[in-house]
Amino acid sequence: MNPSDEIVFKLDGRPVGARPGEAILQAARRHGVEIPHLCYRDGLRPDGNCRACVVEIEGERVLAASCCRTPGEGMEVRSDSPRARSAQRMVVELLLADQPETSRSRDDELRQWAERLGVSGSRFPGREAPPPDRSNPAIAVQLDACIQCTRCVRACRETQVNDVIGYAYRGSHARIVFDQGDPMGLSSCVSCGECVQVCPTGALAPGNGAALLEADRRVDSGCPYCGVGCQLTYHVKDGKIVKVTGRDGPANHGRLCVKGRYGFDYPAHRQRLTQPLIRKPGIAKDPQGELDPADPLAAFRPASWEEALDFAADGLKRIIAEHGKHALAGFGSAKGSNEEAYLFQKLVRTGFGTNNVDHCTRLCHASSVVALLEGVGSGAVSNPVADVQHAEVVVVIGSNPIVNHPVAATFIKNAVKKGTTQLILMDPRRTELARHAAYHLPFRPDSDVALLNALLHVIVTEGLVDEEFVRLRTENYEALKQNVLAYSPEAMAPICGIDARTLREVARLYARSRASMILWGMGVSQHVHGTDNVRCLIALAMVTGQIGRPGTGLHPLRGQNNVQGASDVGLIPMCFPDYLRVDDEAARAKFERLWGVPLDGQPGLTVVEIIDAACAGRIKGMYIEGENPAMSDPNSNHAREGLASLEHLIVQDLFMTETAYFADVILPASAYAEKTGTFTNTDRIVQIGRQAVTPPGEARQDLWIIQEIARRLGLDWNYQGPREVFEEMRSAMPSIAGISWERLEREGHVTYPCASETDPGQPVIFTERFPTPSGRARIVPADIIPADERPDADYPLVLITGRQLEHWHTGSMTRRASVLDAIEPAPTVSVHPLDLEGIGAEAGDVLTVESRRGRIALFARADDGIPRGSVFIPFCYYEAAANRLTNQALDPYAKIAELKYCAVRVRKGGTVGREFGYQLRGRVA
Ligand SMILES: Nc1nc2c(c(=O)[nH]1)N[C@H]1C(S)=C(S)[C@@H](COP(=O)(O)OP(=O)(O)OC[C@H]3O[C@@H](n4cnc5c(=O)[nH]c(N)nc54)[C@H](O)[C@@H]3O)O[C@H]1N2
Ligand SMILES: Nc1nc2c(c(=O)[nH]1)N[C@H]1C(S)=C(S)[C@@H](COP(=O)(O)OP(=O)(O)OC[C@H]3O[C@@H](n4cnc5c(=O)[nH]c(N)nc54)[C@H](O)[C@@H]3O)O[C@H]1N2
Ligand SMILES: [Mo]
């Protein structure tokens with residue numbers, strides 16, 4: 001910053017400089033002078049309503065609010081003059097009058113200022129105190145402590161753009177309200193807790209009483225849930241996490257969602273596995289069976305670590321000896337750190353001797369990665385999410401970020417609210433984001449290629465192609481052009497269900513804008529034509545040149561907190577770390593040198609192929625760390641059959657999962673908050689998660705367990721911790737060569753590609769060339785391929801599976817997080833109200849949903865955002881597992897399953913859970 005840009009003014013008699021746009025209060029604080037303030041808070045728009053920050057300005061008749069006032073050159077400001085101080089004190093005293101006897105928060109800013117200003121009580125009568133509102137399990141509302149500073153209103157409306165909190169009534173009746181004055185728990189509040197984080201008095205406080213606790217320790221770490229990669233602080237008391245607050249990380253700017261803020265207590269759940277377990281002899285693995293709610297561990301006996309590890313490794317060795325190394329496979333975890341994922345794939349490749357190693361990315365963005373590698377030579381995002389603020393047009397397709405990437409969604413909403421960005425939402429369902437969209441295209445499920453080819457047709461035929469970009473930076477354009485000529489909007493309208501005029505408008509808007517960015521999710525990727533869907537998105541960006549600049553590009557929103565990193569470090573069957581193909585001679589030679597063992601040159605099997613091979617008896621043994629395929633794989637009857645037929649199954653998890661039910665040996669591992677390691681978010685930002693609490697009982701670090709298995713397979717490993725593993729990874733991976741552990745600790749986050757210690761990292765890539773052999777992007781045309789299983793007379797409806805805000809995937813973590821489970825305690829199926837009426841049911845009734853593969857019963861939820869003829873089910877409920885219904889048909893390129901589409905029928909009636917031996921909410925004591 002050039003000091004001459006500063007405005008010099010006098011503060012309390014001393015000359016100080018203010019930066020352009022900086023308010024007096026902010027400049028003062030930078031120079032060590034704290035002016036009292038309550039309604040002002042960093043990160044929120046200054047509102048100037050509380051007047052606690054008034055200062056006296058030489059020559060001005062009235063006092064000025066220093067949070068809103070910028071200084072002028074030579075201005076003389078006094079924050080400590082008798083007049084200013086007495087006004088500040090008066091404000092604090094007036095506010096104190098209404099306060100409850102005892103404070104609602106240990107960090108009560110009003111009482112802190114009262115003390116600093118020497119205000120000990122209030123001479124004024126208080127107003128009548130409103131009763132507490134405990135209707136939201138996450139947030140305690142105690143408005144007797146509210147000072148009406150409206151920080152919560154701004155946080156809710158302007159930061160998170162949830163528009164729930166308002167300010168209503170007049171005079172002494174004025175107060176904050178939720179929606180139309182509803183109890184908070186019945187309002188549209190999504191419990192992100194941004195209001196709690198900014199509340200100065202604890203009028204809005206964590207529901208568990210944490211505002212009154214003094215933490216023993218605060219540990220800066222990250223969120224264990226999604227790929228956004230929010231940074232946060234764990235507040236630890238008596239060895240337990242009691243509270244979480246957002247930290248100013250590059251991907252979250254202090255914001256969190258309900259899971260990050262309130263989903264922290266699953267590691268302390270009473271059902272944590274605390275000792276190794278070995279299956280009792282003679283207890284069969286029944287693929288149709290379920291965990292016994294009364295005694296889930298009935299089939300197992302406790303064992304020492306020594307015995308369990310020997311048993312685990314001996315089983316693997318026996319299978320290698322009897323059936324060969326390719327009879328083994330491993331599923332690693334995208335919930336664990338980069339170091340864990342790296343060691344896991346190294347163990348499978350060098351200890352088992354096979355490339356049969358994969359993880360949930362296969363069910364996730366596998367198709368996106370295949371299409372991106374083919375098209376632009378890199379599977380990662382071109383631009384960070386935060387770039388939406390530089391975009392004129394943002395396309396969100398097949399993604400529900402308000403639910404699944406809530407903090408990323410806030411940046412999209414902020415950009416729209418600013419008025420500079422238009423949002424185009426393409427999703428068969430009308431999700432919450434539709435409210436913020438200039439266009440919502442509720443197209444028919446499964447018709448992405450028809451829709452996107454129609455847009456390409458308009459661009460190609462209306463002269464909207466960026467000819468220069470196409471000529472200089474791409475290849476194969478002619479083939480695309482020829483192909484899309486057959487896909488006019490008029491021809492596609494009846495197929496995708498969107499009228500031709502809208503298709504034309506949207507195509508023009510995307511193509512003509514100065515900067516357009518596309519973000520997508522599982523609605524695009526989880527189809528038998530997932531790769532084709534993504535090819536179309538890539539083509540859109542290429543023919544319009546909407547890539548390689550800020551606010552443009554392609555962003556597949558990554559799901560798990562470390563799915564980007566796990567893939568980068570080689571937890572996939574076809575690639576070594578940094579996406580070097582296992583069938584590439586040079587690549588293999590490189591890793592044989594580094595790891596000191598001969599490596600297999602055949603790509604291994606993928607997730608669903610491994611399960612198929614287990615069913616067919618070709619895979620005999622598996623090591624599953626941090627995944628729950630019995631719940632997350634398609635057609636779970638088939639998946640469970642595969643798991644049950646294994647001769648030897650090692651499961652390493654936090655809980656007794658549906659997958660562990662089939663295990664021969666169970667190894668109790670460490671949760672996110674119990675370990676230190678690096679994690680890579682959806683933006684390619686590498687960050688550190690730090691250990692806040694210790695694993696319970698005999699549960700151990702995943703990194704330690706993986707190494708102990710490796711040693712027993714004859715590998716000579718002795719990594720002293722994540723840092724040593726990271727150093728090895730870094731030496732093998734040019735993409736992160738410039739990221740040292742020290743640098744990560746120092747800077748808190750570094751974006752890759754990062755070639756050297758002085759490289760700042762590259763948030764926006766493909767600016768000049770693509771990392772393909774030719775340096776150009778390859779455009780690949782696609783044609784319409786229908787879903788594998790279409791509705792028919794027997795199964796007339798489409799089943800869409802996906803997620804809901806409070807729960808994580810298979811529910812193993814979030815259904816054991818008390819607040820999250822309290823908000824969403826039971827399985828539901830969302831149905832259009834008219835379809836509900838059609839089957840004679842009402843919201844709240846039990847419905848039975850049946851496909852050719854299975855049947856579940858759940859509670860009906862009426863949702864007019866669901867397209868008629870479809871139903872939506874989240875896959876997190878063990879007692880109504882959606883994957884009992886889904887189809888395991890695969891995309892031929894990416895081997896991703898068609899989790900977003902299969903045929904079902906629905907009838908009224910059924911008993912939730914009973915059929916599978918569960919009582920609703922009866923999960924094990
Ligand atoms: N709360 C929560 N957040 C999560 C997760 C979680 O389990 N819970 N999981 C994380 C993970 S691993 C992932 S991958 C992400 C996933 O995040 P998303 O991709 O947002 O996930 P989904 O809810 O599975 O599906 C997204 C949308 O696809 C739409 N869709 C259905 N059929 C079609 C179709 O034919 N075409 C198109 N274009 N769209 C269709 C659905 O209506 C749905 O709104 O979320 C991450 N975040
Ligand atoms: N029907 C349907 N099915 C789907 C999808 C869909 O949209 N619809 N989406 C698919 C997608 S995108 C994904 S990503 C997958 C996710 O599928 P999974 O990865 O199988 O699901 P999670 O529930 O996240 O499983 C993580 C497991 O790891 C455990 N765990 C958590 N932290 C740790 C740790 O630090 N160490 C160890 N050892 N264990 C840990 C948890 O207890 C849990 O059992 O599901 C897929 N399945
Ligand atoms: Mo995912």
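Two strands pair if DSSP finds at least two bridges between them. Helices (H or I, at least four residues) and strands (E, at least two) are themselves DSSP runs, numbered from the N terminus. The model is predicted: local features need pLDDT of at least 70, side-chain atom pairs count only at pLDDT 80 or more, and totals for chains, interfaces and linings use all residues. Residues are numbered from 1 along each chain as its sequence is written, chains are lettered from A and ligands numbered from 1 in the order in which they are written, and side-chain values use heavy atoms, with hydrogens and water left out.

An open sheet of three strands has antiparallel pairing and the order S28-S29-S30. Strand S28 (677–680) and strand S30 (749–751) occupy its edges with a single partner strand each, so one side of each has no neighbour in the sheet. Ignoring direction, neighbouring strands of this sheet are turned by 30° against each other on average. S28 pairs with strand S29 (residues 685–689) in the antiparallel sense over four bridges, and Thr-678 has Ile-688 in S29 as its bridge partner. Helix H8 (residues 338–352) packs on the sheet and touches S28 and S29, its direction making about 90° with that of S28. Here contact means heavy atoms within 4.5 Å, and angles run from 0 to 180 degrees between N-to-C directions, with axes being lines fitted to C-alpha atoms, for helices over the stretch in contact.

Beyond S30, a cis peptide bond with omega of about 0° joins Tyr-752 and Pro-753. Pro-753 is found in the loop between S30 and strand S31 (777–778). Asp-446 has a phi near 80°, a positive value in a residue other than glycine. Most residues other than glycine have a negative phi, and most peptide bonds are trans. Asp-446 lies in the loop between strand S19 (439–441) and helix H12 (448–461).

Asp-446 also belongs to the surroundings of ligand 1: of the 33 residues around this ligand, Asp-427, Asp-446, Asp-448, Met-522 and His-807 come nearest. A residue is near a molecule or strand if one of its heavy atoms lies within 4 Å of it. Polar side-chain atoms lie 2.7 Å from an oxygen atom of ligand 1 in the case of Asp-427 and 2.7 Å from a nitrogen atom of ligand 1 in the case of Asp-448. Lys-900 has a polar side-chain atom 2.8 Å from an oxygen atom of ligand 1, and a polar side-chain atom of Lys-900 also lies 3.1 Å from an oxygen atom of ligand 2.

Around ligand 2 there are 32 residues, of which Ser-632, Asp-653, Lys-675, Thr-810 and Asn-883 come nearest. A polar backbone atom of Asn-628 is 2.8 Å from an oxygen atom of ligand 2, and a polar side-chain atom of Ser-812 is 3.1 Å from an oxygen atom of this ligand. A polar contact is a pair of N or O atoms within 3.5 Å; within protein, one must be able to donate a hydrogen and the other to accept it, and residues adjacent in sequence count only if both atoms are side-chain atoms.

Elsewhere, helix H4 (residues 151–159) and helix H11 (residues 406–418) pack at an angle of about 85°, with their axes 9 Å apart. H4 and H11 are therefore roughly perpendicular to each other, the class for angles of 65 to 115 degrees (under 35 is roughly parallel, over 145 roughly antiparallel, and the rest oblique). Arg-157, Glu-158 and Thr-159 of H4 make the contact with Thr-410, Asn-414 and Lys-417 of H11.
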